[in-house]
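Thank you all for coming; I would like to walk slowly through one model this morning. Please keep the sequence and the picture in view while I talk.

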Amino acid sequence: TSNPNQTKISVQSPGMYIVEVEDSYTGCISTDTLEVKSDVQKPTANIIATDTLNCRNATVQVNGLGSSIGNRMQYNWTTANGNILSDPKQIIIDINRAGTYVLEVVDSVNGCVSYDTIQVIENKLKPNIIIDNPKLLTCKTISTDLSVQLSNVSPNHSIQWYTNNGQIVSGQNTLNPKVNLKGTYYVKIINSENGCETI
């Protein structure tokens, strides 16, 4: 790409290059050959799927272990709407906010760059509880069933009733426990899918 009649030239393609030197006084000629190689291979950037942020996992790890590994590789994580807690120059980072995370992998020898992106989601939806009004305890009605209606829960949710001044006769871990004393009754629902709870 430059004047070939100089002692130094510029090239932009790999291949065999030959230099010829002629002594204009004696007419003697010498040649030498040089092979110019190409190193334009891009590194691999590959983020492995991560856990969902929830009430059980306030922080999760995001890792690029599917990417190119080696001393010549450099890593840089960025996010516009998430939050990185650890060193963004490491291949594995800790995060605590949902958002889009971008991994940049740079081959420090040839300068080639690759990117990968992951969307980390959050599930912190708490169970919704509605407790129905129980029957009044009387001399005739010596016990009554409590009743609760639920939403925003997984099929394997857990239920626990408790009281400080009443008495639960049965069904402490069901939707309809039986009680036989006046008092204040509480129910705790844990959504097993995300660990979120409501009392």
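When I say contact, I mean heavy atoms within 4.5 Å. With that meaning, and leaving aside its neighbours within four places in sequence, Ser 154 is in contact with Asn 191, Ser 192 and Glu 193. Before I go further, this is a predicted model, in which local features need pLDDT of at least 70 and side-chain atom pairs count only at pLDDT 80 or more, while totals for chains, interfaces and linings use all residues. Residues are numbered from 1 along each chain as its sequence is written, and side-chain values use heavy atoms, with hydrogens and water left out.

Let me stay with the serine. Ser 154 sits in the loop between β12 (148–151) and β13 (158–163), where strands are DSSP runs of E with at least two residues, numbered from the N terminus. Is Ser 154 buried or exposed? Its relative accessibility is 7%, so Ser 154 counts as buried; buried means under 20% relative accessible area, exposed means over 50%, and partly exposed lies in between, with a 1.4 Å probe and protein chains only. The side chain of Ser 154 makes a polar contact with the side chain of Ser 192 at 2.8 Å, and it also reaches the backbone nitrogen of Glu 193 at 3.5 Å. A polar contact here is a pair of N or O atoms within 3.5 Å; within protein, one must be able to donate a hydrogen and the other to accept it, and residues adjacent in sequence count only if both atoms are side-chain atoms.

Glu 193 also leads us to another residue. Asn 54, in strand β3 (residues 53–54), touches Asn 123, Lys 124, Glu 193 and Asn 194, not counting residues up to four places away in sequence. Asn 54 is buried too, because its relative accessible area is 7%. A polar atom of its side chain lies 2.8 Å from the backbone nitrogen of Arg 56, and the side chain of Asn 54 reaches the backbone nitrogen of Asn 57 at 2.7 Å.

Now to the strands. Three of them form an open sheet in the order β13-β16-β17, with antiparallel pairing, and two strands pair if DSSP finds at least two bridges between them. The edge strands are β13 and β17 (197–198), each pairing on one side only. Six bridges join β13 to β16 (residues 185–190); Gln 160 stands opposite Lys 188, and Tyr 162 has Tyr 186 as its bridge partner. On the other side, β16 and β17 pair over two bridges, and Ile 190 is partnered with Glu 197. In the hairpin of β16 and β17, which has six residues between the strands, Gly 195 takes a positive phi near 75°.

Which way do the side chains of β16 point? They alternate: Tyr 185, Val 187 and Ile 189 point to one face and are buried, whereas Tyr 186, Lys 188 and Ile 190 point to the other and are not. In a regular strand, such alternation between the two faces of the sheet is what one expects.

Finally, the interior. The largest nonpolar core has 16 residues, of which Val 62, Trp 77, Ile 95, Tyr 101 and Val 120 touch the most other members. A second, separate core of nine residues includes Ile 129, Ile 159, Tyr 185 and Val 187. A nonpolar core is a set of buried Ala, Val, Leu, Ile, Met, Phe, Trp, Tyr and Cys residues joined through side-chain atoms within 4.5 Å.

Methods: Helices (H or I, at least four residues) and strands (E, at least two) are DSSP runs, numbered from the N terminus.
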